[in-house]
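How does one decide that two side chains form a salt bridge, or that a residue is buried? Look at the model below first.

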Amino acid sequence: MSEDIAGLVRQLAAVDRDERRAATDRLVALGAPAVEHLLPLVADGEGTGRSAAESCVQRLGAAAIEPLRRVRSAGPGGLRSAALRMLASVGGADALAPADRAAVERLVRIKLLDETPGDLPAWSWVAVPRAEVQDIVRALGLHDARPVTTALGVSAAIHEENSLDHLSADGATTTEYRVFITPEFDGWRLVYGADYLDDNWAQVIEKLSTRCREAHFYAVDEHNGARVWWVAENGQDKRGYRTYGDPEWVGEPMEFERDLMQDEDDELYDPEEAEEYAEGVRDPEEVASWISIQPTTVEVLDRVGHGWLAVTSADVGHGRFRGALDI
């Protein structure tokens, strides 16, 4: 039996895609016994074989948890790190043993002492000026906010599972999210949550601007060629642009936009530039550089405090979200 499983594991690195797929299906059908054979490839493999082995363990889901826990507790030592990563991938923090959860929390506390956050993603974010963390948490109805490194927060809110369906006691199904609130950079805090903002950005800036006076939303979708930026004050839309919006523009041009607009009487009139800024500024990062901060420049800005990771439901803790997070 072990030799048969070992042969299937070797097939995961096959050139032929159908052969890899067949081996994957058979390994998943074997269930928990396949884990100890897959884990060496997860730990030391390369390329297609390693990716296929990880996919097998993830497809095994809950069946993989106990075999992975045994490796964490009894070894072999060279596979313990891979077992920890796969436990987080298939079951989130809830799949980790108490000792592992405590070790991760301790490592986060240590990292926070001398963290140097790098630049932040500039795909989709909210910016709030002069806001305390608790104001953001209360405005958005968030729960269980806990200190995290910026790397962990970005990983949790963007790169790994950051939304899931939750069945409540009354039988209703809701979508719940992880949300990352950054440290303060030059007086601004940024809010991240890939699925959260994609589904709720208009309500988010309305709620935040109602409590915190002002909130901005920025998004860049290179795949669809879409650009969005929006400014709300005191719960009301002030100015916004959406590539595919109807209407495309909302509100009157802001002062920085008027400064960029030209007419033919200007001494430095440039037809191309005049056309580009005729209605306003379309590029979200350029807008952010004028009226808030750019995520790609936070590394050189003054920083206060650390980041916070929260969830949108008191009934859904952090542990259910799957993914091996950076720290």
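The questions that follow deal with salt bridges and burial.

This is a predicted model, in which local features need pLDDT of at least 70, side-chain atom pairs count only at pLDDT 80 or more, and totals for chains, interfaces and linings use all residues. Residues are numbered from 1 along each chain as its sequence is written, and side-chain values use heavy atoms, with hydrogens and water left out.

Q: Why is the contact between arginine 85 and glutamate 54 called a salt bridge?
A: A salt bridge is a side-chain nitrogen of Lys or Arg within 4 Å of a carboxyl oxygen of Asp or Glu. For arginine 85 and glutamate 54 the N to O distance is 2.7 Å, so the pair meets the rule. Arginine 85 lies in helix H6 (residues 80-91) and glutamate 54 in helix H4 (residues 47-60), so parts 31 residues apart in sequence are tied together. Helices here are DSSP runs (H or I, at least four residues), numbered from the N terminus.

Q: Why is glutamate 54 called buried?
A: Buried means under 20% relative accessible area, exposed over 50%, and partly exposed in between (1.4 Å probe, protein chains only). Glutamate 54 has 18%, so the residue counts as buried.

Q: What makes arginine 85 partly exposed?
A: Its relative accessibility is 27%, so arginine 85 falls in the class between buried and exposed.

Q: How do you know that aspartate 135 and arginine 211 form a salt bridge?
A: Their N to O distance is 3.4 Å, so the pair is within the cut-off.

Note on methods
Helices (H or I, at least four residues) and strands (E, at least two) are DSSP runs, numbered from the N terminus.
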